[in-house]
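I sat down with this model to look up a few things and jotted down what I found. Here are my notes, in the order I took them.

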Amino acid sequence: MKLPGHDAMARQAGENLITRPVKLPRRVVDRPLRQVAKRLLMALAVLILTTLIVWIDRDGYHDNANGKVDFLDAAYYATVTLSTTGYGDIVPYSDSARLINILLVTPLRVLFLIILVGTTLEVLTERTREEWRLNRWKAQLREHTVIVGFGTKGRSAIQTLCATGLKKDQVVIVDPSAKVIETANAEGFVGVIGDATRSDVLLRAELQKARQVVIATQRDDTAVLVTLTARQLNRGAKIVAAVREEENAPLLRQSGADAVITSASAAGRLLGLSVLSPSAGTVMEDLIQQGSGLDMVERPVKKSEVGRGVRETEDLVVSVLRGHRLLAYDDAKASPLQLTDRLITIVRAGGTAVEGQPE
């Protein structure tokens, strides 16, 4: 197998050694309880530091009970001071103790309050809400589309799918680059950071519940591995993959891909066609670009068309899909049309039929 270029997945491998989260519009962080534990440890560190400061300068403090301040008294004073309770039974009376309270203890009190009140509230609200959104997303996600690779090919595939009515919340992007996933989030897509050749990454994308998978990686060997993994996780999903070299297309089909697009050969044929006939090349490019000029669509046979010939339909029919067979428009078996058939037609962007039939 040829291995052209460097794949984005390999290029960003080091970037994913730390975390591979699912990203909804914002990055998913640690669980709320873990975040609370971290902040409690920070607050404890501030408390211990304040206790040590008071105990070191204990001679500058006065205890109304016995006049002396030991380590327990220092810890008690630090606790009631940081919590702003301040009972007044232990007070600083020397100039040095009061100066230390102004310069050190008061800033530590503010820091303590920020940690316990501000940050903890943020953890218990924002982080909990984010985890709830993630769990709800997983529970509701069904029959979605997984796009592996958010490069030029992946973006074009998404644009085409969305132009035909696919909602953004039914698309999950898998890419190894955190920056790429952030871009996908900004455009309204859910993203999963990680190497799609790993089953745990595809499971984060809920691929086992997906209806279709588009594999648009930069390397053919990566596409083969992703296809194998995806087919193992989901036997019924439609898998469409892109390869650079035509000789690698059979490997993709053997790996479980339902359709394989050879990007290099397709581009080469379009270039050659444009040289031989610029007008024909323009028409082909127009068909490739979704939403402008001419579009190629698949639709069911209308009841009024049942029993008619291919040439008797209103649209410009290119092929007839009957069961698992794809019949050309001039195939004698394509006519008459059956109710279960599906037609591959050329229409103007926006759904307007193109009149006339190929001769």
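I began with Asp-175 and looked up its bridge partner in E6, which is Ile-193. This is a predicted model, so I read everything below as computed from it. E6 covers residues 190-193, and I found it running parallel to E5, with 4 bridges joining the two strands.

Next I wanted to know how the chain gets from E5 to E6. It goes by way of helix H6, residues 178-186, and I noted the β-α-β unit made by E5, H6 and E6 as right-handed.

Then I turned to E4, which spans residues 145-148. E4 pairs with E5 in the parallel sense, over 4 bridges. For a pair of residues to look at here, I picked Ile-147, which stands opposite Ile-173 in E5. The chain leaves E4, passes through helix H5 (residues 152-163) and arrives at E5; I put this β-α-β crossover down as right-handed. So my notes now have E5 paired in parallel with E4 and with E6.

How many residues of E5 are buried? I got 5 of 5 for this strand, which spans residues 171-175, so I wrote it down as mostly covered, taking buried as under 20% relative accessible area.

I checked the faces of E5 too. In a regular strand, side chains alternate between the two faces of the sheet. On one side of E5 I listed Val-171, Ile-173 and Asp-175, and on the other Val-172 and Val-174; all of them are buried, leaving both faces covered. Asp-175 is thus a buried residue that also has Ile-193 as its bridge partner.

After that I went to the surface. I found a nonpolar patch of about 700 Å², made by Leu-41, Leu-44, Ile-48, Leu-52, Trp-55, Ile-56 and Phe-71. Helix H2 (residues 32-56) gives the largest share of this patch, with 6 residues.

Is Leu-52, one of the patch residues, buried, partly exposed or exposed? Leu-52 lies in helix H2. Leu-52 counts as partly exposed because its relative accessibility is 38%, which falls between the 20% and 50% cut-offs.

Last, some whole-protein numbers. I counted 11 helices and 14 strands. The protein has 359 residues, and 39% of them count as buried. Its accessible surface comes to about 19900 Å², with 58% of that belonging to carbon and sulfur atoms. I also looked at contacts with a separation of 6 or more: residues 24 or more positions apart account for 66% of them.

How values were computed
Residues numbered from 1 in each chain as written. Predicted model: local features only at pLDDT ≥ 70, side-chain atom pairs only at ≥ 80, totals over all residues. Heavy atoms only, no water. Buried < 20%, exposed > 50% of the residue type's maximum accessible area, 1.4 Å probe, protein only. Pairing = 2+ DSSP bridges. Right-handed = clockwise from strand over helix to strand, strands pointing away. Contact = heavy atoms within 4.5 Å. Areas by Shrake-Rupley, 256 points an atom, 1.4 Å probe, with all protein chains shown as cover. Patch = residues over 30% accessible without salt bridge, like charges linked within 9 Å, V, L, I, M, F, W, Y side chains within 5 Å. Salt bridge = Lys/Arg side-chain N within 4 Å of Asp/Glu carboxyl O.
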